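Reader: I have a structure open in front of me and would like to learn how to read it feature by feature. Could you take me through it slowly?

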Amino acid sequence: MIYRVRHVTTYRYTEPVLVAHHLAHLTPRHANFQSCQRSHFKITPNPAEMDEGGHDYYGNPVTFFAMREPHSTLSVQVTSRVEVEERKAPDPSLARDWLGIADPLVGVRGDRLLDIADFCFDSPFVAVTAAVREYAETSFHAGRSVLDCVLDFNHRIHQDFAYDPAATSVATPLAQVLSERRGVCQDFAHLAIAGLRAMGIPARYVSGYLLTQPPPGKPKLRGSDASHAWLSVYLPEFGWVDIDPTNDCMPEDEHVTLGWGRDFGDVSPLCGVVLGGGEHRLRVGVDVEPVVA
């Protein structure tokens, strides 16, 4: 599938911003299942400085731009063309049996160690607690394949938690999400990552987009798509395997990957430091549209 992705972020400030430096994770990354054919930034007002050639520690494309003139609004529009190949779900029967918690780094060397080490431990948005471990353990039983356990855990989060955009914010602690059983895709990805790390399974946060389908007979609304989040787990038999607890699925060809990291903080779509501005209002709109050949 080839998709056209349009992501528009608009900030409106109550006071002029005098100087601002921003870092964007808004260019889809290349992967063995995905190729970003092109990506174009349109920033209003025009930045005084811009660098689109960077990559972060995890290899995700990053764009830096600086504003040095007073402005009361900021609009960042990124339009990308991305080819996504269908990913065949791995066969759970080919995964090893679950034998209990073990150190996932034992025997791992070289590039593979660097690839998974950061995703085994706590990170700023994801902390393993006794409550998280207790919730995850229900899915993990001896004699069951590791992938079956992971998929059961994925399904339980989808079943046990209500999707509620008003229930949480970026700052909501994972403990509150677990106790109230409500949140959004970011919360569910963080919970799944914490639970899997508690069980000794490396897991990383994935930021991207999801093609959403309109109800039968209804037109697709522009801006109805939103930034999405899911996760990847590392299984020696298969490498990195993506799962999506919000939709209880394994991504195939309707998920577009922006980037990955330890948690949301590593791949926030747009972050920065501003001087001035007072309070602000934020509006984000995303369109993911198939390109008809």
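## Reading charged pairs, pockets and backbone

Author: Let us begin with one residue, keeping in mind that this is a predicted model: Arg-6 has a relative accessible area of 22%, and because partly exposed covers the range between under 20% and over 50%, Arg-6 counts as partly exposed.

Reader: Which residue forms a salt bridge with Arg-6?

Author: The general idea is that side chains of opposite charge can pair when their charged atoms come close. Here the partner of Arg-6 is Asp-287, and the closest N and O atoms of the two are 3.5 Å apart. Since Asp-287 is in strand β13 and Arg-6 is in strand β1, this pair ties together parts that lie 281 residues apart in sequence. Asp-287, with a relative accessibility of 2%, counts as buried.

Reader: How many salt bridges does the structure hold, and which residue meets Arg-4 in one of them?

Author: There are eight salt bridges in the structure. The side chain of Arg-4 meets that of Glu-289, with 3.6 Å from N to O. Glu-289 belongs to strand β13 and Arg-4 to strand β1, so this pair ties together parts that are 285 residues apart in sequence. Glu-289 counts as partly exposed at 22% relative accessibility, and Arg-4 counts as partly exposed at 32%.

Reader: Where do Asp-242 and Arg-87 lie, and how far apart in sequence are the parts that they tie together?

Author: The side chains of Asp-242 and Arg-87 meet in a salt bridge, at 3.0 Å from N to O. Asp-242 lies in strand β10, while Arg-87 lies in the loop between β5 (71-84) and α1 (110-116), so the pair ties together parts that are 155 residues apart in sequence. When you look at their accessibility, you will find that both Asp-242 and Arg-87 are buried.

Reader: Now I should like to turn to the pockets. What is the volume of the second largest pocket, and which residues lie nearest its centre?

Author: A useful way to read a pocket is to take its volume, then its lining, then the elements that supply that lining. The second largest pocket has a volume of about 410 Å³. Its lining is made up of 18 residues, and those nearest the centre are Asn-32, Phe-33, Arg-87, Trp-240 and Val-241. Arg-87 is thus a residue you have already met, as the salt-bridge partner of Asp-242. Strand β10 (residues 239-243) supplies the largest share of this lining, with four residues. Sorted by class, the lining has ten nonpolar, two polar and six charged residues.

Reader: And how much space lies in the largest pocket?

Author: The largest pocket holds about 1000 Å³ of space. It is lined by 35 residues, and the closest to its centre are Cys-185, Gln-186, Ala-226, Ser-227 and Val-284. The elements that give two or more residues to this lining are β1 (2-24), α5 (185-198), β8 (203-210), β9 (227-235) and β13 (280-290). Strand β13 gives the most, with five residues. By class, the lining of the largest pocket has 17 nonpolar, 15 polar and three charged residues.

Reader: What should I look for when I read the backbone itself?

Author: Most residues other than glycine have a negative phi, and most peptide bonds are trans. With that in mind, look at the bond that joins Thr-44 and Pro-45, which is a cis peptide bond with omega about 0 degrees. Pro-45 is placed in the loop between β2 (34-44) and β3 (49-55).

Reader: Where does Arg-181 lie, and what is its phi?

Author: Arg-181 lies in the loop between α4 (174-180) and β7 (182-183). Although Arg-181 is not a glycine, its phi is positive, at about 55 degrees. With 33% relative accessibility, Arg-181 counts as partly exposed. Asp-248 also belongs in this part of our reading, as a residue other than glycine with a positive phi, near 50 degrees. You can find Asp-248 in the loop between β10 and β11 (255-261), and at 29% relative accessibility Asp-248 counts as partly exposed.

Note on methods. Residues numbered from 1 in each chain as written. Predicted model: local features only at pLDDT ≥ 70, side-chain atom pairs only at ≥ 80, totals over all residues. Heavy atoms only, no water. 1 Å grid on protein atoms, 1.4 Å probe; cavity = no way out; pocket = protein on both sides within 12 Å on 5 of 7 lines; lining within 4 Å. Points joined across faces, edges and corners; volume = space filled by probe spheres on them. Nonpolar A, V, L, I, M, F, W, Y, C, P; charged D, E, K, R; others polar. Salt bridge = Lys/Arg side-chain N within 4 Å of Asp/Glu carboxyl O. Buried < 20%, exposed > 50% of the residue type's maximum accessible area, 1.4 Å probe, protein only.
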